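Work through the exercises below with the model on screen. Try each task before reading its solution.

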Amino acid sequence: PAPRATSPRRALAARLLALSALTLAALPALASGDPSKLHIGQKLALRLQSLGLPNEAILILIATLPVIELRGAVPVAAWLGVPPLRALAVCVLGNSAAVLLLLALLRLPPVEGLLGALLRSVCPPS
């Protein structure tokens, strides 16, 4: 039989389930209270909390980092006690912020001058 097409709603549900599984996988380390068993996102969150940043700002910063991104920010949000929908929205916003920042930087004259030839070869003028 032909494979059934997956609806966008089912695909989103599957992704959210996978993120939930990642969050649950981190719970034993959290319950132990042993800081050496925390992952890098949790360690960074603790450092940022010590600076007095609100949880949402912490999540945006963590989701922006290429090493951690959404895979680490969503479990950290659960660890911080942020409600799931708010956590997802804040983490996606933070993850998208890095892309928007890079796109804006590519339009700056010094960057265009430095990378002009490369940028023209990748995106020829239409």
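## Exercise 1: A surface patch

L118 lies in helix α6. Helices here are DSSP runs of H or I with at least four residues, strands are runs of E with at least two, and both are numbered from the N terminus.

Before going on, note the ground rules. This is a predicted model, in which local features need pLDDT of at least 70, side-chain atom pairs count only at pLDDT 80 or more, and totals for chains, interfaces and linings use all residues. Residues are numbered from 1 along each chain as its sequence is written, and side-chain values use heavy atoms, with hydrogens and water left out.

**Task.** Decide whether L118 is buried or exposed, and find the nonpolar patch that holds L118.

**Solution.**
- Step 1. Recall the classes: buried is under 20% relative accessible area, exposed is over 50%, and partly exposed lies in between (1.4 Å probe, protein chains only).
- Step 2. L118 has 51% relative accessibility, so L118 counts as exposed.
- Step 3. L118 joins V99, L100, L103, L106, L114, L115 and V122 in a nonpolar patch on the surface. Patch residues have over 30% relative accessible area and no salt bridge; nonpolar side chains (Val, Leu, Ile, Met, Phe, Trp, Tyr) are joined within 5 Å, like charges within 9 Å.
- Step 4. Together the patch residues have about 780 Å² of accessible area (Shrake-Rupley method, 1.4 Å probe; for residues, only the protein chains shown count as cover). Helices α5 (84–106) and α6 (109–122) each give two or more residues to the patch.

## Exercise 2: The core

**Task.** Which residues have the most contacts inside the largest nonpolar core?

**Solution.**
- Step 1. A nonpolar core is a set of buried Ala, Val, Leu, Ile, Met, Phe, Trp, Tyr and Cys residues joined through side-chain atoms within 4.5 Å.
- Step 2. The largest such core has 16 residues, and I58, L59, I62, V76, L80, V82 and C91 have the most contacts inside it.
- Step 3. Two or more core residues come from each of α2 (40–50), α3 (55–64), α4 and α5. Helix α4 gives the largest share, 5 residues.
- Step 4. Look at I62. Leaving aside neighbours within four places in sequence, I62 is in contact (heavy atoms within 4.5 Å) with G41, L44, A45, I68, E69, G72, A73 and V76.

## Exercise 3: Charged pairs and an unusual phi

**Task.** How many salt bridges does the whole structure have?

**Solution.**
- Step 1. The criterion is a side-chain nitrogen of Lys or Arg within 4 Å of a carboxyl oxygen of Asp or Glu.
- Step 2. A search finds 2.
- Step 3. One joins E56 and R86 at 3.0 Å, N to O. This pair links distant parts of the chain, helix α3 and helix α5, 30 residues apart. E56 is partly exposed at 25%, and R86 is partly exposed at 46%.
- Step 4. E69 and R71 also meet in a salt bridge, at 3.3 Å, N to O. R71 is exposed at 53%, whereas E69 is partly exposed at 28%.
- Step 5. Check the backbone of E69, in helix α4 (residues 69–80). Its phi is positive, about 50°, although E69 is not a glycine. Most residues other than glycine have a negative phi.

## Exercise 4: Confidence

**Task.** Which helix has the lowest mean pLDDT?

**Solution.**
- Step 1. The protein chain has 6 helices and 0 strands.
- Step 2. pLDDT is the predictor's confidence in each residue, from 0 to 100.
- Step 3. Helix α1 (residues 8–32) has the lowest mean, 65, and α3 the highest, 93.
- Step 4. The chain averages 81, and 79% of the residues score at least 70.
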